[in-house]
Amino acid sequence: MYRKPALPVVRLLAAAAAVLVLSGCNKIPGLGPDPRVAQREEEAKAIGGACRHALRGLEDCYTLNPKSGKAAIFAGWKEMDAYMRENKLEGAPSVLGKAEKPARDKPARSDDIETEPRDSGTGRSRS
C-alpha cells in the first residue's frame, strides 16, 4: 500500500530547500559585517592615500588621525605609493597652518545692516 518516506530523506530535502532559499539572501541582518566598520576602514584607507599624496610620512599621518586604524592607513598609503610610482606622479606638499580670522572693528547690529539701497533723491514710491 502506502509507504512512509524515511525520516532522514525528509530532513535532507528540507535542509537542501532551506539552503537554496537562503542562498540568495545577502541582506539578512546580523549575518554580514557591520557597514559602519567597513566605512571606517575605507575612510582610513583614503586618509592614508591622501597622506602619501601630500608627501607625509606614516608617523605624521598616524599622529594627525589618531582615531583611524593604523593598518588601514598603512594599506591606503601603500596603495597610493604604488600607484604614484607606477604612473610617475609627484606628490603635492601639504600646507598646514592656522587661518587667521579677520578682525572686526565693532559687532554688527541688525539695524546697521542695509538690505535695500536708499534712493531718497529719486522721489519714487516703492508701493
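**Helical architecture, core and disulfide of the predicted model**

The protein has 4 helices and 0 strands, where helices (H or I, at least four residues) and strands (E, at least two) are DSSP runs numbered from the N terminus. Read from the N terminus, the order of the elements is α-α-α-α. The structure is a predicted model, in which local features need pLDDT of at least 70 and side-chain atom pairs count only at pLDDT 80 or more, whereas totals for chains, interfaces and linings use all residues. Residues are numbered from 1 along each chain as its sequence is written, and side-chain values use heavy atoms, with hydrogens and water left out.

Of the 127 residues in the protein, 13% are buried; buried denotes under 20% relative accessible area, exposed over 50%, and partly exposed the range in between (1.4 Å probe, protein chains only). Among contacts (heavy atoms within 4.5 Å) with a separation of 6 or more, 60% are accounted for by residues 24 or more positions apart.

In soluble globular proteins, nonpolar side chains tend to be buried together. A nonpolar core is defined here as a set of buried Ala, Val, Leu, Ile, Met, Phe, Trp, Tyr and Cys residues joined through side-chain atoms within 4.5 Å. The largest such core has 8 residues, namely A44, I47, C51, L58, C61, A72, I73 and W77. At least two residues of this core come from each of α2 (35-53), α3 (58-64) and α4 (70-86). Beyond its neighbours within four places in sequence, the core residue I47 is in contact with C61, N65 and S68.

A search of the whole structure finds 1 disulfide, the criterion being a pair of cysteine sulfur atoms within 2.5 Å. This disulfide joins C51 to C61, with an S to S distance of 2.2 Å. The two cysteines lie 10 residues apart and link distant parts of the chain, C51 being in helix α2 and C61 in helix α3. Because the torsion about the S-S bond of C51 and C61 is about 80 degrees, the disulfide is right-handed. Both partners are buried: C51 has a relative accessibility of 2%, and C61 has a relative accessibility of 0%.

R52 also lies in helix α2 and is buried, with a relative accessible area of 14%. Its charged end sits over the ring of W77, at 5.7 Å from the ring centre; for this assignment, NZ of Lys or CZ of Arg must be within 6 Å of the ring centre and within 35 degrees of the ring normal. The side chain of R52 further makes a polar contact of 2.8 Å with the side chain of D81. A polar contact is a pair of N or O atoms within 3.5 Å; within protein, one must be able to donate a hydrogen and the other to accept it, and residues adjacent in sequence count only if both atoms are side-chain atoms. With residues up to four places away in sequence not counted, R52 touches W77, M80, D81 and M84. A second charge over a ring involves K70, which lies over the face of Y62 at 5.4 Å from the ring centre.

S94 is placed in the segment after α4 and is partly exposed, with a relative accessible area of 31%. The C-alpha atoms of S94 and L55 are separated by 7.3 Å, although these residues are 39 residues apart along the chain. Leaving out residues up to four places away in sequence, S94 touches A54 and R56.
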